Amino acid sequence: MKEFFKYVLATITGIILFTVIMGIFMVIGLVGMIASAEQKTEVRSNSVLVMNLTGQMEERSNSNVMTEFMGGEEAAMGLDQMLTAIDKAKKNNDIKGIYIEAGAFAPDSYASMQALRAALADFRKSGKWIVAYADTYTQATYYLSSVANKVYLNPQGMIDWHGIAAQPIFVKDLLSKFGVKIQVAKVGSYKSATEMFTGDKMSDEDREQTQAYINGIWEDVTKEVGASRNLTVDQLNAYADSLIAFADPNQYVSMKLVDKLLYTDQIKTEVKKLLEIDEDDDINQMSIAEVAALPDEKSEGEEIAVYYAYGSIVDGAASNPMSQEHEIDAQVVCKDLEELMNDDDVKAVVFRINSGGGSAYASEQIWHQIMELKKKKPVVVSMGGMAASGGYYISAPANWIVAEPTTLTGSIGIFGMFPDASELLTQKLGVKFDEVKTNANSAFGTNARPFNAEEMRILETYIDRGYKLFRQRVAEGRKMTTDQVEAIAQGHVWIGKDALKIKLVDQLGDLNVAIAKAAQLAKLDDYYTESYPAEEDWLTTLLKGATSSNYLGDQMKLMMGEYYEPFILLKDMSRQNAIQARVPYYMNIR
């Protein structure tokens, strides 16, 4: 017995010592990270900005302290950070060029890629050079890399160039196996978000609009790549039709898709030639994060606030604090916009939106706050990859709307989805219900049965009222009649360049174009920008990271691939508002 207690005590002592030692190492690591973050980066002469296109790209950079502490890679790159880095590299005389190393890159939309590619093209116009290299180019990375002065590929590499396809997923039959049906009330013949749950193929209207916008996106992609590589659109379409991913790599050179086949070590020689340094000299490399963190030019003039709103639109009660996905929480956004409205130092606001919509109620709250903001200072909307349905609802009141040519927008319509699990409960699980009530509709919303005809009529009237309100908001904001809005509404999704023709947007361009317009409306000659919401401090990020389930979510996403989003959608459906203004939940554009 004495020996037993001795071993138990030794084990407990070991655990305590291990915990103390790990705590010390963690503190040292955190101090090192903070010191590293505060240390100013110096740009050495003859430097190169290295853009490692690997991982997910989102609207804004999102640092994860726990991931960095454990030595992992950042889960997502921010479009804002990448654009900032390119712009600063263009203006810095010590940075001579950009080296793009293309890998497994997953951008959130073609519109975001279009903005990034335009920034790279602007960098090249400044007289500096861009070199791109990959073992394998995905279609997305080739679209970006084709802007480079020289495009290189591994001698055993490939280029995936196949065109664009949309493959929506339908889960009606899957749900029926569990005795679950989705009851729908909607307005808009093009409002296809509910089809995922009620059909087994695309409706004629959805097929029509989807074909139109993927054609429009591909038209821009082939036009831009063709201009950079001196190829015609017909040639690029022929390459896509022949599935050149499996071609002999030497053919890519004759196709003029790449300039030369090189191994990884040989790329250094090409870069050193451009830098005019000796073969045995080192290349001064800088990352996107390092260049983006370089001090800004001295801020002079008046402030223009750039407010980022991206993800699904939710109200506070429906927001999921454990979600990995960024959300537009109406309660938070309205409070932030009110603060910007009352801040006398802010002379104009650029509202940067990348959202396919969400709660119609939450969208209305944000609409109201933008209307209040607009009474005091100009509001310009800058549309990212998507500003559709609820995303367009909150865009409509702005003084001016700027969209990328391939932004998905419009989709003016709403719907309500109400799961009916009565068959699951009563037939498959054997649950029985009885009922006693005081009034005709006392049991409205019961799980015991689906809605009856009268209840559905009431719901459809409610949805129709919401649609008319949405349509009226658009008419007021765009200075159109409701009949004019109705002609382009009905849930129809448009791309930016088509939305311009029907007056849903005012101008095509990127965030810088929107900022310049805000300055013009505010009559500012000298101005600078500040981004909102402000980034969280490292302690808040650390605490949030420590309590979230990011690791499990990352592993599930890796394991489930393209089926992850539909799975999460089904899991979270119960916490969403029943009345939605959003585009299809999972568009699955390849």
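# A walk through the structure

Let's start at one small spot: Ile 277 is partly exposed, because its relative accessible area of 21% falls between the 20% below which a residue counts as buried and the 50% above which it counts as exposed. You'll find Ile 277 in the loop that runs between α11 (264–275) and β8 (284–287). Which residues does Ile 277 touch, once its neighbours within four places in sequence are set aside? They are Asn 46, Lys 272, Asp 282 and Ile 283. Asn 46 sits 231 residues away from Ile 277 in sequence, yet their C-alpha atoms are 9.0 Å apart in space.

Now for the wider view. Keep in mind that this is a predicted model. The protein has 590 residues, and 47% of them are buried. Its elements add up to 23 helices and 21 strands. If you take the contacts between residues at least 6 apart in sequence, 75% of them join residues at least 24 apart. On the outside, the accessible surface comes to about 29600 Å², with carbon and sulfur atoms supplying 53% of that.

Next, head inside. The largest nonpolar core holds 62 residues, and the ones touching the most other members are Met 51, Trp 161 and Leu 257. There is also a second, separate core of 54 residues, with Ile 313, Tyr 393, Ile 463 and Ala 581 among them. Back to Met 51: leaving out residues up to four places away in sequence, its contacts include Met 82, Ile 86, Tyr 99 and Ile 288, along with Leu 116 and Leu 120.

Those last two, Leu 116 and Leu 120, bring us to helix α4, where both are buried. Other buried residues of α4 include Tyr 110, Met 113 and Phe 123. How far should the 16 residues of α4 (residues 110–125) span? At 1.5 Å a residue the answer is 22 Å, and the end C-alpha atoms are indeed 22 Å apart, so the two agree. Just past α4 comes Gly 127, with a positive phi of about 105°.

Helix α17 (residues 453–478) can be read in a similar way. Its 26 residues reach 37 Å from first C-alpha to last, close to the 38 Å expected. At the N-terminal end, Asn 452 acts as a cap, with a side-chain oxygen 3.2 Å from the backbone nitrogen of Glu 454. Ile 463, which we met in the second core, is buried in α17, as are Met 456, Leu 459, Tyr 467 and Phe 470, to name some of the others. An α-helix has 3.6 residues a turn, so residues three or four places apart point the same way. After α17 comes Lys 479, whose phi is positive too, near 55°.

For a strand, try β9 (residues 302–310). Eight of its nine residues are buried, so the rest of the structure largely encloses β9. Which strands does β9 run parallel to? One is β20 (residues 527–532), joined to β9 by six bridges, including the one that pairs Glu 302 with Tyr 527. Another is β12 (residues 346–355), joined to β9 by eight bridges; here Ala 305 has Val 349 as its bridge partner.

Our last stop is Ser 203, in the loop between α7 (195–198) and α8 (204–229). Buried or exposed? Ser 203 counts as buried, since its relative accessibility is 18% and the cut-off is 20%. Its side chain makes a polar contact of 2.6 Å with the side chain of Glu 195. A polar atom of the Ser 203 side chain also lies 3.1 Å from the backbone nitrogen of Asp 206.

How values were computed. Residues are numbered from 1 along each chain as its sequence is written. This is a predicted model: local features need pLDDT of at least 70, side-chain atom pairs count only at pLDDT 80 or more; totals for chains, interfaces and linings use all residues. Side-chain values use heavy atoms; hydrogens and water are left out. Helices (H or I, at least four residues) and strands (E, at least two) are DSSP runs, numbered from the N terminus. The expected span of a helix is 1.5 Å times one less than its number of residues. Buried means under 20% relative accessible area, exposed over 50%, partly exposed in between (1.4 Å probe, protein chains only). Contact means heavy atoms within 4.5 Å. Accessible areas come from the Shrake-Rupley method with a 1.4 Å probe; for residues, only the protein chains shown count as cover. Two strands pair if DSSP finds at least two bridges between them. A nonpolar core is a set of buried Ala, Val, Leu, Ile, Met, Phe, Trp, Tyr and Cys residues joined through side-chain atoms within 4.5 Å. A polar contact is a pair of N or O atoms within 3.5 Å; within protein, one must be able to donate a hydrogen and the other to accept it, and residues adjacent in sequence count only if both atoms are side-chain atoms.
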